[in-house]
Each structure stands twice: as structure tokens, then as C-alpha cells.
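Biologist: Before I plan anything at the bench, I would like to go through this chain with you. Please show me the sequence and the structure, and then I will ask my questions.

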Amino acid sequence: MGAWVKHLVRLVISALVLMVVSWVAPGFGSLGFVSALIAAVVITVIGYVIEALLGEGISPYGRGVVGFLVSAIVIYVAQFVTPGMQISIVGALIAAFVIGLIDMFVPTTLR
């Protein structure tokens with residue numbers, strides 16, 4: 001499978017996870033597929049920038065409290081770039097937690 005196909009599959013899976021989270025997490029407005037796909041791209045780009053600037057340990061994809069908090073901040077900031085995405089700070093924290101749980105069972109990265 002080509003590298004671009006792997007990235008496309010990852011983005012689609014991430015968008016579907018964001019849609020599910022937007023339906024179950026309070027403080028997170030429901031997302032349609034296109035908005036969720038845009039949000040997945042925005043979150044990925046912000047995550048890569050953070051990782052490039054501060055190292056892998058601070059990455060939203062890192063495990064632990066720091067990774068969780070960075071993930072919540074990235075999700076919260078993504079709303080300012082993603083049309084149709086509305087989320088509160090508490091919603092971002094809950095979303096980061098739920099996404100972490102979902103990622104345990106349905107990884108959004110291809111391993």
C-alpha cells in the first residue's frame with residue numbers, strides 16, 4: 001500500500017472517531033463527515049508542529065498526562081480553524097479522554 005493511501009486511511013479513521021466523539025462528548029458540537037475530516041487534518045498538522053518544536057514526549061500522540069493535556073489543547077484550538085466545529089474546554093478534555101480510549105481499541109495510526 002502506498003504511503004499516501006496509508007495517510008488517507010488514517011485521516012478517514014480519525015474523522016470517524018471525531019464524529020463518534022462529537023456525538024457522545026458533552027460540550028462538543030456534532031460534526032458532519034467533511035467537518036470531521038477537516039478537523040482530523042487540522043489536529044494532525046498541529047500535532048506534527050508541536051512534535052517538531054517540542055519533541056515526541058510532548059506530542060498529542062504521546063501517552064500520559066502531558067500527552068492527554070496537549071491532545072485536549074490541540075482539539076480545542078482546532079475549532080478555530082475548522083468550520084462547523086464548536087467545543088468547550090471541558091468538551092475538549094472529555095473528547096481527549098474518549099479519543100484516548102477509542103485509540104486503545106481502534107488505533108488511528110497504522111502500525
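**Questions on the model**

Biologist: I will start at one side chain: is Phe80 buried or exposed?
Modeller: This is a predicted model, so the values are computed from it. Exposed requires a relative accessible area over 50%. Phe80 has a relative accessibility of 60%, so Phe80 counts as exposed.

Biologist: How many aromatic pairs are there?
Modeller: Ring centres have to lie within 6.5 Å to pair. By this rule the count is one aromatic pair. The partners are Tyr76 and Phe80, with 5.6 Å centre to centre and 85 degrees between the planes. Planes over 60 degrees apart count as edge-to-face, and the pair of Tyr76 and Phe80 is edge-to-face.

Biologist: And which class does Tyr76 fall in?
Modeller: A residue between the buried limit of 20% and the exposed limit of 50% is partly exposed. Tyr76 has 27% relative accessibility, so Tyr76 counts as partly exposed.

Biologist: Which pattern does the chain follow along the sequence?
Modeller: The chain contains four helices and zero strands. Read along the sequence, the pattern is α-α-α-α.

Biologist: What share of the residues counts as buried?
Modeller: The chain has 111 residues. Buried means under 20% relative accessible area. The share that counts as buried is 40%.

Biologist: What percentage of the exposed area do carbon and sulfur atoms supply?
Modeller: The chain exposes about 6300 Å². Of that area, carbon and sulfur atoms supply 76%.

Biologist: Which helices are among the cover of the buried residues of helix 1?
Modeller: Helix 1 runs over residues 3–24 and reaches 32 Å from its first C-alpha to its last, close to the 32 Å expected. Its buried residues are Arg10, Ser14, Ala15, Val17, Leu18, Met19, Val21 and Ser22. What covers them includes helix 2 (33–54) and helix 4 (89–105).

Biologist: Which helices do the buried residues of helix 4 pack against?
Modeller: Helix 4 has 17 residues and reaches 25 Å, close to the 24 Å expected. Gly91, Ala92, Ala95, Ala96, Val98, Ile99, Ile102 and Asp103 are buried there. These buried residues pack against helix 1 and helix 3.

Biologist: Which residues does Val98 touch, leaving out those up to four places away in sequence?
Modeller: Val98 is in helix 4, and at 18% relative accessibility it counts as buried. Val98 and Val20 are 78 residues apart in sequence, with 9.5 Å from C-alpha to C-alpha. Contact, however, means heavy atoms within 4.5 Å. The residues that Val98 touches are Val21 and Val24.

Biologist: Which helices help to cover the buried residues of helix 3?
Modeller: Helix 3 covers residues 65–78, and its 14 residues reach 20 Å, close to the 20 Å expected. Gly67, Val70, Ser71, Ala72, Val74, Ile75 and Ala78 are buried in helix 3. Their cover includes helix 2 and helix 4.

Biologist: How far apart are the C-alpha atoms of Val41 and Ala78?
Modeller: Val41 has its place in helix 2, while Ala78 is one of the buried residues of helix 3. Along the chain, Val41 and Ala78 are 37 residues apart. Their C-alpha atoms are separated by 9.4 Å.

Biologist: Which residues make the nonpolar surface patch of about 480 Å²?
Modeller: A patch residue needs over 30% relative accessible area. Val41 is partly exposed at 37%, and Val45, which lies in helix 2, is partly exposed at 46%. The patch is made by Val41, Val45, Val49, Leu53 and Leu54.

Biologist: Last, which residues does Ser30 touch, not counting those up to four places away in sequence?
Modeller: Ser30 is found in the loop between helix 1 and helix 2, and at 54% relative accessibility Ser30 counts as exposed. Its C-alpha atom is 7.7 Å from that of Met85, 55 residues away along the chain. The residues that Ser30 touches are Ser22, Trp23 and Gly84.

Key. Residues are numbered from 1 along each chain as its sequence is written. This is a predicted model: local features need pLDDT of at least 70, side-chain atom pairs count only at pLDDT 80 or more; totals for chains, interfaces and linings use all residues. Side-chain values use heavy atoms; hydrogens and water are left out. Helices (H or I, at least four residues) and strands (E, at least two) are DSSP runs, numbered from the N terminus. The expected span of a helix is 1.5 Å times one less than its number of residues. Buried means under 20% relative accessible area, exposed over 50%, partly exposed in between (1.4 Å probe, protein chains only). Accessible areas come from the Shrake-Rupley method with a 1.4 Å probe; for residues, only the protein chains shown count as cover. Rings of Phe, Tyr and Trp (its six-membered ring) pair if their centres lie within 6.5 Å; planes under 30 degrees apart count as stacked, over 60 as edge-to-face and the rest as tilted. Patches are made of residues with over 30% relative accessible area and no salt bridge: like charges are joined within 9 Å, nonpolar side chains (Val, Leu, Ile, Met, Phe, Trp, Tyr) within 5 Å. A salt bridge is a side-chain nitrogen of Lys or Arg within 4 Å of a carboxyl oxygen of Asp or Glu.
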